[in-house]
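Me: I'd like to go through a structure with you. Can you pull it up?

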Amino acid sequence: MQSFSWRAWPALVLLLLPSPVAAEEASLLEGWHDVWLFRFLVNVLGYSTIIIPGYFLISYFKRTNYLETGSGICFPLIKSCVFGSEAKTGLLDDVSVTPRNEADSGSSVKQVVKLIFCAAGLQVSYLTWGVLQERVMTRSYGSTTPEEAGEKFKDSQFLVFMNRILALTVSGLWCLMFNQPRHGAPMYKYSFASLSNIMSSWCQYEALKYISFPTQVLAKASKVIPVMLMGKIVSHKSYEYWEYFTAVLISLGVSMFLLSSTPSKQLSTVTTFSGIVILIGYIVFDSFTSNWQDNLFKYKMSSVQMMFGVNLFSCLFTVGSLLEQGAFFDSVAFMMRHSEFAFHAVLLSVCSACGQLFIFYTISQFGAAVFTIIMTLRQAIAILLSCFLYGHAVTIIGGFGVGVVFLALFLRVYARSRMKSGRRLAAPLGQKV
């Protein structure tokens, strides 16, 4: 028996109401599908059908002291999912630090080649991903002439699922091929980061229906502000004065860009109130994800294990919600009708998965500062590339605002690297005394 879908409501109304009223109501309900808030709530409802039973199961196992009383075939699985195998021991040193030490001891030529490889991999992966993202969400498929309307793909959640299933496969194969530390975190804890991650990804795709890609990139660059706020709330972190100063600069630059931007001729890329709200949702969800993952790293795990755990729950949430809505097979049918979209969706997923691996490798070889510089340059190039390919107009004041944002980002990297080098110099002096 097929599960009941929200798409069945218009048919049910037709049966219950007189025909003229039913036709009007059915048209109204069909229109709700185009409202982003309705799609958001439907997605959340789908996730809750997995989260709520999972919550009660976890509470039951903890309340009945299953770790001491349980046995049988399912015991190892339940123990891994609910209790984990080890206490918090800190981020594994031999996974995150050893590669850096090996890199430092290599020849300078080898280091330069590695750096070029990392930079090129990150730029190609994420620039291609950004261009494809805008193409998929703002352009139609199937039109052979400029006058023909074509068909637009609307389900952002399916794209999130495509990205996560490939990332899960890649990270799973990586864990099988290379030695990983013994896993200690309870598996259910990945679900928090997973839920916020898929919601932020959904917002990222959905926002492109209402705002331009350059606006989205600048908003993502300004997420250091809510990340700091979320760090205060979740992790009780403290920040230096220069971090607050650069955060203010970023806010100023983004405000200049947004207030001076002229509306695009294309309706799908006009900056609207809905687009701003969705972007705020993206920033909030993404800020929570990074802070929760920082807390999870207190357990003994590698970055690829983190990638696998988060993507495992992401696939579970998204495929469950898509099947409940009946949207999964609609999206597959769209892929069958438009081979170009199928190619773009697969390539989008490949770029996302490869980009995540390049992130882990770059940070392990050169540290977070070099990685941040590369990604900051990528954001600037992405804005220029989007303006060139899709005709986004940027005013002089808006361009100056973009410059202020990236200047602030580079100042953050410089100040952080100076602070770290000062700490390293101070450590030997303290030992001598």
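Reply: Here is a run through a pocket, a cavity, some helix contacts and an aromatic pair.

Me: What should I know before we start?

Reply: This is a predicted model: local features need pLDDT of at least 70, side-chain atom pairs count only at pLDDT 80 or more, and totals for chains, interfaces and linings use all residues. Residues are numbered from 1 along each chain as its sequence is written, and side-chain values use heavy atoms, with hydrogens and water left out.

Me: Pockets, then. What volume does the second largest pocket have?

Reply: About 600 Å³. A pocket here is an open set of points on a 1 Å grid over the protein atoms alone, with protein on both sides within 12 Å along at least five of seven lines. Volume is the space filled by probe spheres set on the points, which are joined across faces, edges and corners.

Me: Which residues are closest to its centre?

Reply: Gly54, Tyr55, Ile58, Tyr188 and Phe313, out of 20 that line the second largest pocket. Lining residues have an atom within 4 Å of a point.

Me: Which helix gives the largest share of that lining?

Reply: Helix 3, with 7 residues. Helix 3 (36–63), helix 5 (75–83), helix 10 (190–207) and helix 15 (303–325) each supply at least two. Helices are DSSP runs (H or I, at least four residues), numbered from the N terminus.

Me: How many nonpolar, polar and charged residues line the pocket?

Reply: The second largest pocket has 18 nonpolar, 2 polar and no charged residues in its lining. Nonpolar covers Ala, Val, Leu, Ile, Met, Phe, Trp, Tyr, Cys and Pro; charged covers Asp, Glu, Lys and Arg; the others, Gly among them, are polar.

Me: Back to helix 3 and helix 5. At what angle do they cross?

Reply: Roughly 105°, and their axes come within 10 Å. That makes helix 3 roughly perpendicular to helix 5, a label for angles of 65 to 115 degrees. Axes are lines fitted to C-alpha atoms over the stretch in contact, and angles run from 0 to 180 degrees between N-to-C directions.

Me: Which residues make that contact?

Reply: Ile58, Phe61 and Lys62 of helix 3, with Ile78, Val82 and Phe83 of helix 5. Contact means heavy atoms within 4.5 Å. The split is 5 nonpolar, no polar and 1 charged.

Me: And helix 15 with helix 16. How far apart are their axes?

Reply: 5 Å, at an angle of about 90°; helix 16 is residues 327–337. That makes helix 15 roughly perpendicular to helix 16. Val319, Leu322, Leu323 and Gln325 in helix 15 meet Ala327, Phe328 and Phe329 in helix 16.

Me: Switching topic. How many cavities of 30 Å³ or more turn up?

Reply: The whole-structure search finds 2. A cavity is a set of points where a 1.4 Å probe fits but cannot get out. The second largest cavity is about 40 Å³. Its lining residues include Leu127, Glu134, Phe213 and Tyr390. By class, that lining has 6 nonpolar, 2 polar and 1 charged residues.

Me: Last one. How many aromatic pairs does the structure hold?

Reply: 25. Phe, Tyr and Trp rings (six-membered for Trp) pair if their centres lie within 6.5 Å; planes over 60 degrees apart count as edge-to-face, under 30 as stacked and the rest as tilted. Phenylalanine 117 and tyrosine 361 have ring centres 6.4 Å apart and planes at 80°, so that pair is edge-to-face. Phenylalanine 117 is in helix 8 (residues 108–138) and tyrosine 361 in helix 17 (residues 339–366), 244 residues apart.

Methods:
Parallel < 35°, antiparallel > 145°, perpendicular 65-115°, else oblique.
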